Amino acid sequence: MRSFNLLLLFVLASPVLAQPADFDHINLRPAENRARQFQGEELDHLPILVQNLTATLNTDVERFRAIYLWVCHNIKGDYAMTQMNIRKRKRLQEDGAGLEVWNSQVRKEIFSILKDRKETLCTGYAFLIQAMSRLAGIESEIVNGFGRSDGLKKRPIGMANHSWNRVRLNGKWYLCDATWSAGYFDETNHLFVFEYDDSYFLMEPEKFAQSHYSYSNPDKLATER
């Protein structure tokens, strides 16, 4: 409950509350065009990809927009890996050492599949957003926590089950969730469907807090400006 309360403190008390409206004056179409121009590129040479996406853009929010859109339109969710990870983590939730070993093992597999097939789960989405942002000179961090798809404000249950990002633009921290932006799994065949949802790009903190609860570095999330 402490993590949830600290996240609400960050949302309600910060004197520099970050809102997507901060960038209403910036034309993001050039960034969106860059993301479309490099649709389908591979991840073999990530610095080159980031350079191609961002070199002609003038501001950090434009550069981040190009990166975020590219990730959300080119990286698929991996249903089998997601379900396997959920089952294994549930079995190990009372075994801290075993869970740590599993997390280390599965992380390597996640990154290998991400690079080879451009498929992943939330951990891979968050890692890729962070890695590409940093290559573009943009500060980004991974946040591990609890995600509720029903959007209701309830106490988080159990261990962390989701990862997303926060990104620093113009001295303010903004929240985003590339996993939920990218698309969804078709329940009839478990195939991933690209269906971009822009609402999770720099979402208003109050709304983000309705469905995302931070389990990682809560004190930092609550107090850093």
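Student: Which helices are included in what covers the buried residues of H3?
Tutor: Good place to start, and keep in mind that this is a predicted model. To find the cover, look for heavy atoms within 4.5 Å of those buried residues. The elements found there include helix H2 (29-37), helix H4 (60-74) and helix H7 (122-135).

Student: Which residues of H3 are buried?
Tutor: Helix H3 spans residues 46-54. A residue counts as buried when its relative accessible area is under 20%. In H3 that holds for Leu46, Leu49, Val50, Leu53 and Thr54.

Student: Why are they on the same side of H3?
Tutor: Think of looking around the helix axis and asking how much of the circle these residues take up. They lie on the same side of H3 because the arc they cover is only 110 degrees.

Student: And which exposed residues are on the face turned away from the buried side of H3?
Tutor: Here we want the opposite label, exposed, which needs over 50% relative accessible area. On the face of H3 turned away from its buried side, the exposed residues are Pro47 and Ile48.

Student: How many charged residues are in the lining of the second largest pocket?
Tutor: That pocket holds about 200 Å³ of space. Its lining has 14 residues, with Pro20, Ala21, Asp198, Phe201 and Leu202 nearest the centre. Sorted by type, the lining has eight nonpolar residues and one polar, and the charged ones number five.

Student: What share of the chain's residues counts as buried?
Tutor: Let's step back to the whole chain, with its 10 helices and eight strands. The chain has 225 residues, and the share that counts as buried is 49%.

How values were computed. Residues are numbered from 1 along each chain as its sequence is written. This is a predicted model: local features need pLDDT of at least 70, side-chain atom pairs count only at pLDDT 80 or more; totals for chains, interfaces and linings use all residues. Side-chain values use heavy atoms; hydrogens and water are left out. Buried means under 20% relative accessible area, exposed over 50%, partly exposed in between (1.4 Å probe, protein chains only). Helices (H or I, at least four residues) and strands (E, at least two) are DSSP runs, numbered from the N terminus. The arc is that of the directions from the helix axis to the C-beta atoms. On a 1 Å grid over the protein atoms alone, a cavity is a set of points where a 1.4 Å probe fits but cannot get out, and a pocket is an open set with protein on both sides within 12 Å along at least five of seven lines; lining residues have an atom within 4 Å of a point. Grid points are joined across faces, edges and corners, and a volume is the space filled by probe spheres set on the points. Ala, Val, Leu, Ile, Met, Phe, Trp, Tyr, Cys and Pro count as nonpolar, Asp, Glu, Lys and Arg as charged, and the others, Gly among them, as polar.
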